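Notebook open, structure loaded. I want to look at one helix pair and then at the build of one chain.

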Amino acid sequence: MTVSEKVALTQAETEIINNFIALKGKLPQRGLLLETARKAAMDAFYKHGLPSRRMENWHYTDMRTQLICIAPYSSKSGGALAAPLLSRSIVLGLINGQAVIPSHKAGKKMPATPFGALLANGEAELPQDFANDNVIAQLNTALVSDGWKLDFPENTSSDKIIELQNVQNGAQSHVRFPVIIGSNANVMIIERQIGNDEESFISSVSNLDISEGAQVSWIIIRTRGMTSTELNQFNARLGKNVALKLYIINAGSRFLRQEINVNLDGMGADFQLRGINLLSGKTHTDTTMVVRHLAKDTTSTEIIRNVAIDEARGVFQGMIRVAKEAQKTDASMICNSLILSDSAEFDTKPELEIFADDVACGHGATVAEIDRDQLFYLMARGIPEAQARAMLVKAFVGELIEGFDRKEMGEVLHILLDQWLQVHI
Amino acid sequence: MPAAQETIRQVHKIDVDQYKYGFETKIETEKAPKGLNEETIRFISERKRESGWMLEWRLQAYRRWLQMQEPRWARLSYTEINFQDYYYYAAPKSQIEPKSLDKVDPELLATYEKLGIPLKEQEILTGVRKQGERSELDSNIYASDRVAVDAVFDSVSVITTFKEELARAGVIFCSISEAVRKHSELVKKYLGSVVPIADNFYAALNSAVFTDGSFVYVPKNVRCPMELSTYFRINERNTGQFERTLIIADEGAYVSYLEGCTAPQRDENQLHAAVVELIALEDAEIKYSTVQNWYPGDKEGRGGIYNFVTKRGDCRGNNSKISWTQVETGSAITWKYPSCLLRGDNSRGHFYSIAVANGHQQIDSGTKMVHLGRNTSSRIISKGISAGFSENTYRGQVTAHRRAANARNFTQCDSLLIGNDCGAHTVPYIEAKNATAQFEHEATTSKISEDHLFYVMQRGIQEEEAIALIINGFVKEVIQELPMEFAVEAQKLIGISLEGSVG
Amino acid sequence: MLEIKNLYARIGETEIIRGLDLKIEDGEVAAVMGPNGSGKSTLSYILAGSKNYKITKGDILYNGQSILGINAAERAVLGIFLAFQYPMEIPGVAMMEFLKVGMNAQRKARKEPALNVSEFLKHVKAMAARLEMDMSMLKRPLNVGFSGGEKKRAEILQMVLLNPKFCVLDETDSGLDVDALKTVAEGVNALRASDRSFLVITHYQRLLDYIVPDTVHVLYKGRIIKSGDKSLASYLEQNGYTDIIGEPI
């Protein structure tokens, strides 16, 4: 869309722009670089607006119509952090967009700095230019106020698990997690997106730079209330022989766009994604992923399982791109959806874009209902229908949790899954 | 590995100039003035001796087209088309409409002879025509070897064969221009009912300026006694061909229709924007096969046909069935998505495709299966081969609407890459809007396996032939959907398109 | 017929054949046995001309001529046949078509006239019947969906029809039950002739009860460490490889 044919600003667009103007001088920042970055980001947003379905990457998620109005910005600081999912993890929290400095000793020893402090010192980095349809980077850069920067030195071992908590109770926030992982480090990070039922608007961007030989598990768990709007971007660059496992469990949010951009930059790098979408109510949950194989001998496997009930609408767009240099790439992507109501919908767009000839790439996608024969079999054994259905749904998504390499985490996820099933199925 | 490198080396040597149909027919033509405006449309309508309603329809389409923008979402890159730079009507002076065989210009007859298209019924009937080679090993021998042909040369239909015999069965097979005049009630009822005039940019353009094409009506409970086919030839320089085909299978009818096309070798790009509408009423079946071999351009990527085609079938009645089979080897640019609207309960839509891209060809092709009725099913088998510097994209959409209970789809989409300068892309859109839809989609991209090659060569088959054998196997599932005689042609054509790498 | 002289071969960086010597006379049936990973399958691939292996030293002479410089298809034309341990599944190519193309390619290379189709069909039918194969299998895509046993029979059928001079059978017994094993062995035995030789590669003696070898060779770590007559096979069956190799495996 060129400027000349730009249509009138939507209410949400106007609110975002006014918000930016109102916040002028109030957001933490020091130095010209940050100021120009924020301005460039808002200029790009003003120029391109919220993405519409005319943009191929937003084919199923028209933000111009989805985002009617947005929760206002407010500096209130109500709420508390949640108990960590695993007892031995260290919580680095954000409440309504403000970092909570941990009081306990272990937390202080962590290689973590509040991003707001870095912005205020002029030590933070923000992107300077933006793709037309990269609305998440545009908004987040223009409005980011805090977050956590993590810096894991070489050979960091895995005994401490970090739980990033982004608690949002109403209002609006924009947070950022720059993460640097040194070579041969072994780390596990849980990203929890939580909050109460007040209407909220959140953008959250994580940027991971992972050096040679490191092994990283990153788990995003989203159980926010059904009135929140969240834009989340997970970006990672993988060096030589890096293994990144990304788990995403979505069981909340009215509107969610979860973007995943992974660049397999070094030879032998491997990316594994396991995604579970538990969609209910009137949610619109969009997972859009681009995996770029840029070096030889890189591998990736993505498995997504979706359950949609009520009037939920789910979207999975997954793209595997294989560059000319990335010979011997082995990539596969599978997306299975279970639609449990006639008003629910799931749209899948699994793409392959391949420029190297010595590769084995594939994708599979299925849409199905609950197997009637299996259901009958269970009911014939005396299990009530609702319970039998829940069992089959659990089996469908539970399979992905089984593969979890940390047993205790798997147990936590099973509990989460059971809770959702109990309420919704 | 070394074997693959060898293959790549050979592909690099491929010369796309192997196009066998690149000759030009010297014939005096009458053309509309260059460019496109309402006058051009009036000129076409007048030459076609159309009545007022048809002209109004065209003008309405033209006015809509003026407000539309050229779609750019496909994975195709080409310089902007100047629509004023084309002739929208060109016809041999001697031939404003179809004639009986003895009156057709011998130059035209010679052209079709050279292309291997028989127009003389006598010869066909007495078996002068060369038939496809058959052996005891082939199990699928097509029952009838008689094919009725509508031959379209630039903007006019030259002749339609077997018309009388078809008429005895009640089948109407003629050029669309003739149908507009002689069967206007049918045309009025169905034209634009599957592809509305403003459906998309190219369909609107076609609706405004379409010049010829075929019309088929098969009445209730009639099984069309022979294969019907249209052969399209673009000859004139800078001429766009805008064919329009309309096929109606009434309740319980069956028809199998074939389409072939070629064009002379020219340095500039020629434009081809067709619209094909199929309507299958209750219990009817239409089988539509295409072997597309427009001039693909030379090895530097100069010239070649720009092929923007809207093909859509409407399974309007319950238990109806439409199947598209296509073999795409030609054109510089292909933008084509033969689709099925599965409206009737229990209706079925099939799409079988082979798309071969070599040289600098770009293909963005696939299908849409729109499930609207209950218990509808669709099947998509797509085989893409990319070689040289080509880009080959499969784009397909499968949608089950709210009320399309028990919709079923199976999609298998495989790509083969030969060489490291080409691209193979897969863009499926899978949309499920009800709880009883069941979709299965599978896609793979790979190269010819070294292990397979070694196994075949171990039996004494040299590399070129071994690759050809494996590629034939790769496309077999689609080839066997074609009528026998087309299948032989298609297989040869794929061989020629990849010549140098696969013998 | 065949002479392998001080052969060294590697795949990537790994040396698998390390100084292998082996001589097979006209009409001889030689068995090569050895524990897993000794290089048995590698030997069969190298003889057939796989490009995955690099010959670093030594030579392979076939009827006195080196065959190292010629590719798999040319070797096949010379009469070398490999019955694969794991035959490839090739979608869309019917076995019958494959056989016809293969036979005609070989005939063409030898400047012989192309096949007479009806005679060929008759011949195929007769051979398939002898191997207890259903004709319908021949119309199915090559090896696709065949059971292990069907694949092995299909390999032997190809061998019989292509009429080679030197046949390499790579673990043809694996995946076969006793009845199938007998049928396959009969097919092989029927081909035994004074101008045709066999190299039978196997892990177990079982196959050698039905295809009785003239010589038996033990392959270990890429070289022949012991040769003998058929009694060597029985010895191995009873005592295992350990004392011949001189170390536990």
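I started with who touches whom between H7(A) and H8(A). On the H7(A) side I find A:Gln374, A:Leu375, A:Leu378 and A:Met379. Their partners in H8(A) are A:Glu385, A:Ala388, A:Arg389, A:Met391 and A:Leu392. I sorted the residues of this contact by character and got six nonpolar, one polar and two charged. I keep in mind that this is a predicted model.

Next I looked up the geometry. Two packed helices are described by the angle between their axes and the distance between the axes. H7 covers residues 372-380 of chain A and H8 covers residues 385-402 of chain A. I noted that their axes come within 9 Å and cross at roughly 130°. The pair therefore goes down as oblique, H7(A) against H8(A), since angles over 145 would be needed for roughly antiparallel and 65 to 115 for roughly perpendicular. For the hand of the H7(A) and H8(A) crossing I wrote right-handed.

Then I turned to chain C. I counted ten helices and ten strands there. Its C-alpha atoms fill a box of roughly 55 × 40 × 35 Å along the principal axes.

Does the radius of gyration of chain C fit or miss a compact globule, I wondered; what value would 249 residues give? The expectation is near 18 Å and chain C has 18 Å, so the two agree.

Of the 249 residues of chain C, I have 43% down as buried. Last entry, on contacts in chain C with a separation of 6 or more: 72% of them are between residues 24 or more positions apart.

Technical notes:
Residues are numbered from 1 along each chain as its sequence is written. Chains are lettered from A and ligands numbered from 1 in the order in which they are written. This is a predicted model: local features need pLDDT of at least 70, side-chain atom pairs count only at pLDDT 80 or more; totals for chains, interfaces and linings use all residues. Helices (H or I, at least four residues) and strands (E, at least two) are DSSP runs, numbered from the N terminus. The radius of gyration is taken over C-alpha atoms; the globule rule is 2.2 Å times the number of residues to the power 0.38. A residue is buried if 20 or more other C-beta atoms lie within 10 Å of its own, exposed if 12 or fewer, and partly exposed in between; C-beta atoms are placed from the backbone. Two residues are in contact if their C-beta atoms, placed from the backbone, lie within 7 Å. Axes are lines fitted to C-alpha atoms, for helices over the stretch in contact, and angles run from 0 to 180 degrees between N-to-C directions. Angles under 35 degrees count as roughly parallel, over 145 as roughly antiparallel, 65 to 115 as roughly perpendicular and the rest as oblique. A crossing is left-handed if the near helix is turned anticlockwise from the far one by less than a right angle, and right-handed if clockwise. Ala, Val, Leu, Ile, Met, Phe, Trp, Tyr, Cys and Pro count as nonpolar, Asp, Glu, Lys and Arg as charged, and the others, Gly among them, as polar.
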